[in-house]
Amino acid sequence: MTPRTVAFTTLGCRLNQVDTQQLQSALESRGFRTVPPEEPADVVVVNTCTVTARAEFSDRQAIRRAARVSPRARLVVTGCWAQTSPDEIARMGEVDLVVGNADKHRLPALLDERCVERIHVSDIAAAGTLDAVAAPSARVAGRSRAFLKVQDGCQHRCAFCIVPFARGGSRSLALGAVLDQARRLVEAGHPELVLTGVDLGHYGADLVPRTTLAALLRDLVEIPGLRWVRLSSVLPTYFTPALMEVVTGSTVIAPHFHIPLQSGSDRVLRLMRRPYNTVMYRRLVERLAGAFPGLGLGADVIVGFPGEGEADFAATVALVEALPFSYLHVFPYSARKGTEAARFTDGVDAPTIVRRGRALRLLARRKNFEFRRRLAGQVEEALVLATRDRSTGRLVGLTGSYVEVQFDGPDALIGRLARVCVTGVDRD
């Protein structure tokens, strides 16, 4: 009997990438064979994002593209947009099944049952503990690094953010389960693990007995064969003395941190209901920069939040200019239905948002180039990624500070660590 085929399209964050890997593993254990999204399949799964209006536009495009490639497939839409807007998605004629985040684990059974009901979206707020799922026991296909999901959901209620409605409350994976998955991934040939979560710094607060991200890291860095643990986004509030001690005291922690900023104006941060201010943020970054001379530092920034004036934006530009950022993710504010900010009446006009976004991206591009230019002449350790550069055919490596380097070499280096001398820097 020929196995059924399945294709995946994933949009949005790293957490969605991990969720897709888990769905792929679950379906393959049921006899499915995974094919690339550009090939026709019996089942197509589109894992969606809803963080901005632009994300939802991309979701729609991906759904329609999948339907064109696989017109006879059973088309499943899951992820955050499926969780928050199931009826809207179900009205799309191409879609056969809508499965929310709280029900992703049911997808294999739903496909086997050939159920008639199209929408399967439970209350994400009622989701319980984050259960251990089968981590790949062999090397994750197509990846040198492995993403390890240790937390999901968020207990904050920032005024602009739809994520708690899409992901639910904060839930952590038990410490023992994390360590077991980490060991198996390293043994399978992944020298770098990327810890992912919606609110990663809150890890362990919901577990019994309670634990912390610092405690988890202290155990992870002792795993034989693990070269780097890289943290995904962590709020500045969570950098406790214990966490600072472990991240600055171990060479296994990658010298790269993504610390959301959102605004350099304390007034706007209060409107956003962010749990920190610019003084706290600046002090943290200065401490990290002092501990890591080659620190890679990224941040998210929102432009055009309701009420953001020219002085507020100027404060953001000044803070970004003053701190050693190596890259920024700049987002135009996008009202999300159900959030507090969606009810604000002092919105910023679209041309102003575009102008501010362009200015901040230009600043970020300049800082990124300056950061990379300082690497010229230095020897860097880089993990060789699984895919060569398309235009040059050269190997691509990722340094601890999150900089891509290209160099000539054999396929035997893929998935291994290489020491490279940086001889030049491309502006892009």
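The following paragraphs lead through a predicted model, strand by strand and then residue by residue.

A convenient place to begin is strand E10, which spans residues 192-196. Five of the five residues in this strand are buried, so E10 is largely enclosed by the rest of the structure. The enclosure can be followed on each face of the strand, since Glu192, Val194 and Thr196 are buried on one side, while Leu193 and Leu195 are buried on the other. Both faces of E10 are therefore covered, given that buried here means under 20% relative accessible area.

The neighbours of E10 in the sheet can be named as well. Strand E7, made of residues 145-149, runs parallel to E10 and is joined to it by five bridges, and within this pairing Leu148 stands opposite Leu195 of E10. Strand E11, residues 228-231, also runs parallel to E10, and here four bridges make the connection; the bridge partner of Val194 in E11 is Arg230. As a general point, the strands of a sheet pair through backbone hydrogen bonds, in either a parallel or an antiparallel sense.

What lies along the path from E10 to E11? Helix H8, residues 213-220, belongs to this path, and together E10, H8 and E11 make a β-α-β unit that is right-handed. The loop between E10 and H8 holds Pro209, and the peptide bond leading from Val208 into Pro209 is cis, with an omega near 0°. Beyond its place in this unit, H8 also meets helix H9, which covers residues 241-249: the two axes come within 8 Å and cross at roughly 25°. Because angles under 35 degrees count as roughly parallel, that crossing makes H8 roughly parallel to H9. The crossing of H8 and H9 is left-handed.

A further sheet is built from three strands in the order E12-E13-E14, and it is open, with parallel pairing. Its edge strands are E12, residues 256-258, and E14, residues 327-332, each of which pairs on one side only. From one strand to the next, the twist averages 15°. The contact between E12 and E13, the latter spanning residues 296-303, is parallel and extends over three bridges, with His256 standing opposite Gly296 of E13.

The sheet with the order E17-E16-E15-E18 has four strands; it is likewise open, but its pairing is antiparallel. Strand E17 (404-407) and strand E18 (417-421) stand at its edges with a single partner strand each, so that one side of each has no neighbour in the sheet. Neighbouring strands in this sheet are turned against each other by 45° on average, with direction ignored. Strand E16, residues 395-399, pairs with E17 in the antiparallel sense over four bridges, and Val396 is found opposite Gln406 of E17. The loop between E16 and E17 contains Tyr402, a residue that has a positive phi of about 75° although it is not a glycine. With a relative accessible area of 28%, Tyr402 is partly exposed, because that value falls between the 20% limit for buried and the 50% limit for exposed.

Another non-glycine residue with a positive phi, of about 65°, is Arg273. Its position is in the loop between helix H10 (266-272) and helix H11 (278-291).

Where does the chain bring Arg33, a residue of strand E2 (residues 33-34), in relation to Pro3? The two residues are 30 positions apart in sequence, yet their C-alpha atoms are 6.2 Å apart in space. Arg33 counts as partly exposed, at 44% relative accessibility.

The cysteines remain to be considered. A disulfide is a covalent bond between the sulfur atoms of two cysteines, and a search of the whole structure finds zero of them. Cys154 takes part in no disulfide, since the nearest cysteine sulfur, that of Cys158, is 6.4 Å away, whereas a disulfide requires the sulfur atoms to be within 2.5 Å. Cys154 is buried, because its relative accessible area of 10% is under the 20% limit. Cys421, on the other hand, counts as partly exposed, with a relative accessibility of 47%.

Conventions:
Residues numbered from 1 in each chain as written. Predicted model: local features only at pLDDT ≥ 70, side-chain atom pairs only at ≥ 80, totals over all residues. Heavy atoms only, no water. Buried < 20%, exposed > 50% of the residue type's maximum accessible area, 1.4 Å probe, protein only. Helix = DSSP H or I, 4+ residues; strand = E, 2+ residues; numbered from the N terminus. Pairing = 2+ DSSP bridges. Right-handed = clockwise from strand over helix to strand, strands pointing away. Axes fitted to C-alpha atoms, helices over the stretch in contact; angles between N-to-C directions. Parallel < 35°, antiparallel > 145°, perpendicular 65-115°, else oblique. Left-handed = near helix turned anticlockwise from the far one by under 90°.
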